[in-house]
Amino acid sequence: MDLRPLPAVAPGAPFPRELWLLRHAESEANLATAKAWRDGAEVLDHDADEEVALSARGRQQAEDAGRQLAALDPSRRPTRALVSPYRRTRETLEIVVATGGLDLPAATDERLRERDVGQFDRLTGAGLRVRHPDEAARRRRTAKAWYRAPGGESWADVALRVRSLVGLVLPRMDGERVLLVTHQAVVMAFRAVLEGLELDEAVAIDRAHPQPNTALTRYAAGPSGVELVEYAHPLADAPLGVPDGPGGGSVAP
């Protein structure tokens with residue numbers, strides 16, 4: 001028996017005409033992570049996760065993304081935005097809106113926040129292995145989609161809150177073009193929920209095709225339901241093409 005998850009949105013159900021998922025621009029935590037890996041450090045040097053700001057390069061990336069949206073025909077620009085309450089996502093949205101000259105209602109939604117890693121916040125892999133060897137061993141034994149750090153969330157937990165937003169909030173935005181500014185794991189949870197992917201499939205896509213900062217993933221509602229148009233298009237580095245509906249753009253396997 002081939003058991004597969006069902007896509008969360010049935011064909012013809014109320015849903016945004018287009019859904020744009022934007023990963024935040026480069027943050028100080030992204031820089032701290034890269035430095036920690038280079039140095040073999042056990043702990044990342046950055047603020048509390050929800051207070052991490054954009055880097056100087058990240059602010060430039062967000063401006064580049066805003067200019068990309070400003071270059072679109074007004075009829076193709078987002079009409080509404082939702083954003084993770086974390087500082088780096090809010091700063092990304094604020095810069096994109098200001099640079100792009102966008103006039104659209106926006107609100108935060110806690111379901112778009114980053115995956116919580118609980119007690120292991122700011123630890124690198126090396127730090128986890130040295131300071132919590134038993135938990136590091138459990139993590140190795142457990143599939144990435146299902147592993148939950150003490151006090152934290154698994155990918156399945158993130159998918160559950162994304163499914164809540166898809167079912168309770170997005171139908172109220174039926175027919176609109178909605179921009180969501182969020183985090184890498186959340187975008188992958190949307191892929192699982194909207195496309196009916198197994199969580200392990202979403203993890204595999206994330207490993208093979210990681211999203212750069214300011215990467216845009218887009219969906220369009222069509223006769224067959226909600227379909228992926230484009231995955232992980234880097235707005236800060238490449239021109240944005242906006243096809244008329246599902247089937248355009250580059251889609252990762």
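**Exercise 1. Find what share of the contacts between residues at least 6 apart in sequence join residues at least 24 apart.**

Solution. Start with the term: a contact means heavy atoms within 4.5 Å. Next, take the contacts in the protein between residues at least 6 apart in sequence. Of these, 75% join residues at least 24 apart.

A note on the source: this is a predicted model, where local features need pLDDT of at least 70, side-chain atom pairs count only at pLDDT 80 or more, and totals for chains, interfaces and linings use all residues. Residues are numbered from 1 along each chain as its sequence is written, and side-chain values use heavy atoms, with hydrogens and water left out.

**Exercise 2. List the order of helices and strands from the N terminus on.**

Solution. First, the term: helices (H or I, at least four residues) and strands (E, at least two) are DSSP runs, numbered from the N terminus. The protein has eight helices and six strands. Their order is β-α-α-β-α-β-α-α-α-β-α-α-β-β.

**Exercise 3. Compare the radius of gyration of the protein with that of a compact globule.**

Solution. The radius is taken over C-alpha atoms, and the globule rule is 2.2 Å times the number of residues to the power 0.38. For 253 residues, the rule gives a value near 18 Å. The protein has 18 Å, so the two agree. Now add the spans: along its principal axes, the C-alpha trace covers about 55 × 50 × 30 Å.

**Exercise 4. State what share of the residues is buried, then place H209 on the same scale.**

Solution. Buried means under 20% relative accessible area, exposed over 50%, and partly exposed in between (1.4 Å probe, protein chains only). Of the 253 residues, 50% count as buried. H209 has a relative accessible area of 32%, so H209 is partly exposed. H209 sits in the loop between α8 (199–208) and β5 (215–222). From H209 to A25, the C-alpha distance is 17 Å, across 184 residues of sequence.

**Exercise 5. Locate E230 and name the side chains that make polar contacts with its side chain.**

Solution. E230 lies in strand β6 (residues 225–234). Its relative accessibility is 4%, so E230 counts as buried. Now the term: a polar contact is a pair of N or O atoms within 3.5 Å; within protein, one must be able to donate a hydrogen and the other to accept it, and residues adjacent in sequence count only if both atoms are side-chain atoms. The E230 side chain makes such a contact with the side chain of R218, at 2.6 Å. The H233 side chain is also in polar contact with the E230 side chain, at 3.0 Å.

**Exercise 6. Describe T214 and A232, each of which has a positive phi.**

Solution. Take T214: its phi is about 60°, although T214 is not a glycine. T214 belongs to the loop between α8 and β5. At 0% relative accessibility, T214 is buried. Now A232: its phi is about 60°, and A232 is not a glycine. A232 is part of strand β6. With 15% relative accessibility, A232 counts as buried.

**Exercise 7. Name residues that L194 touches.**

Solution. L194 is in helix α7 (residues 184–195). L194 has 2% relative accessible area, so L194 is buried. Leave out residues up to four places away in sequence; L194 then touches P7, A8, V9, F15, L19, V166, Y219 and V226. For R122, the C-alpha distance from L194 is 30 Å, with their positions 72 residues apart in sequence.
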